[in-house]
Amino acid sequence: MDEAVPAYASGGYYLPGPPQDAEEAWRGNGGYTKAGFRAVKMKVGRLSPKERRARVKAARDAIGPDVELMLDANNAWHDLPTAMRYYGAFELYDP
């Protein structure tokens, strides 16, 4: 039996103050993969759809195609149809 538990890194938090540029918010995430994480979870759900898409794209670009990207909307999407619409907008980035 395999007793290992996969871990993931959390990042892409919304910081107080003016919204940060998407690339700036994810500049440090290359460190997660260098540290051995094969999965990263980021926050989504606060900004406009265009800004959310830019953040998800920046995260994918930073971590590369082989690292799992998870999205945490913290209940920003109140029903399944809304969540599925957003998922469709992010699908290109393989969350």
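1. Accessible area here is the surface reached by a 1.4 Å probe in the Shrake-Rupley method. By that reckoning the protein chain of this predicted model exposes about 6300 Å², and carbon and sulfur atoms account for 54% of that surface. Of the 95 residues in the protein chain, 35% are buried.

2. Overall layout. The protein chain holds 4 helices and 3 strands. Read from the N terminus, their order is β-α-α-β-α-β-α. Among contacts in the protein chain with a separation of 6 or more, 74% are between residues 24 or more positions apart.

3. The strands. Strand 1 (residues 9-11) and strand 2 run parallel and are joined by 3 bridges. Ser10 is placed opposite Lys41 of strand 2. Strand 2 is also joined to strand 3 (residues 68-72), by 5 bridges, and this pair runs parallel too. Within that pairing, Met42 has Leu71 of strand 3 as its bridge partner, and Lys43 stands opposite Asp72.

4. The connection from strand 2 to strand 3. Between these strands the chain passes through helix 3, and the resulting β-α-β crossover is right-handed.

5. Strand 2. How much of strand 2 is covered? Of the 5 residues in strand 2 (residues 39-43), 5 are buried. Ala39, Lys41 and Lys43 point one way from the strand, while Val40 and Met42 point the other way. The burial applies to both sets, so a reader checking the side chains should note that Lys41 and Lys43 are on the buried list.

6. Ala9. This residue lies in strand 1. Is Ala9 buried or exposed? Its relative accessibility is 5%, and the cut-off for buried is under 20%, so Ala9 counts as buried. Leaving aside residues up to four places away in sequence, Ala9 touches Tyr32, Phe37, Ala39, Val40 and Lys41. Of these, Ala39, Val40 and Lys41 are buried residues of strand 2. Ala35 is 26 residues from Ala9 in sequence, with a C-alpha to C-alpha distance of 9.7 Å.

7. Helix 3. Does the length of helix 3 match what its residue count predicts, or depart from it? The helix has 15 residues (residues 49-63), which at 1.5 Å a residue should span 21 Å; the end C-alpha atoms are 21 Å apart, so the two agree. The buried residues of helix 3 are Arg52, Arg55, Val56, Ala58, Ala59, Arg60 and Ile63. Arginine appears in that buried list as Arg52, Arg55 and Arg60. Just after the helix, Gly64 has a positive phi of about 85°.

8. Helix 4. Which residues of helix 4 (residues 80-90) are buried? They are Thr82, Tyr86 and Phe90. Viewed down the helix axis, the buried residues fall within an arc of 75°, so they line one face of helix 4. The spacing fits the usual geometry: an α-helix has 3.6 residues a turn, so residues three or four places apart point the same way. Leu80, Pro81 and Arg85, on the other side of helix 4, are exposed. Helix 3 and strand 3 are among the elements that cover the buried residues of helix 4.

Technical notes. Residues are numbered from 1 along each chain as its sequence is written. This is a predicted model: local features need pLDDT of at least 70, side-chain atom pairs count only at pLDDT 80 or more; totals for chains, interfaces and linings use all residues. Side-chain values use heavy atoms; hydrogens and water are left out. Helices (H or I, at least four residues) and strands (E, at least two) are DSSP runs, numbered from the N terminus. Buried means under 20% relative accessible area, exposed over 50%, partly exposed in between (1.4 Å probe, protein chains only). Contact means heavy atoms within 4.5 Å. The expected span of a helix is 1.5 Å times one less than its number of residues. Two strands pair if DSSP finds at least two bridges between them. A crossover is right-handed if, with the strands pointing away from the viewer, the path from the first strand over the helix to the second runs clockwise. The arc is that of the directions from the helix axis to the C-beta atoms.
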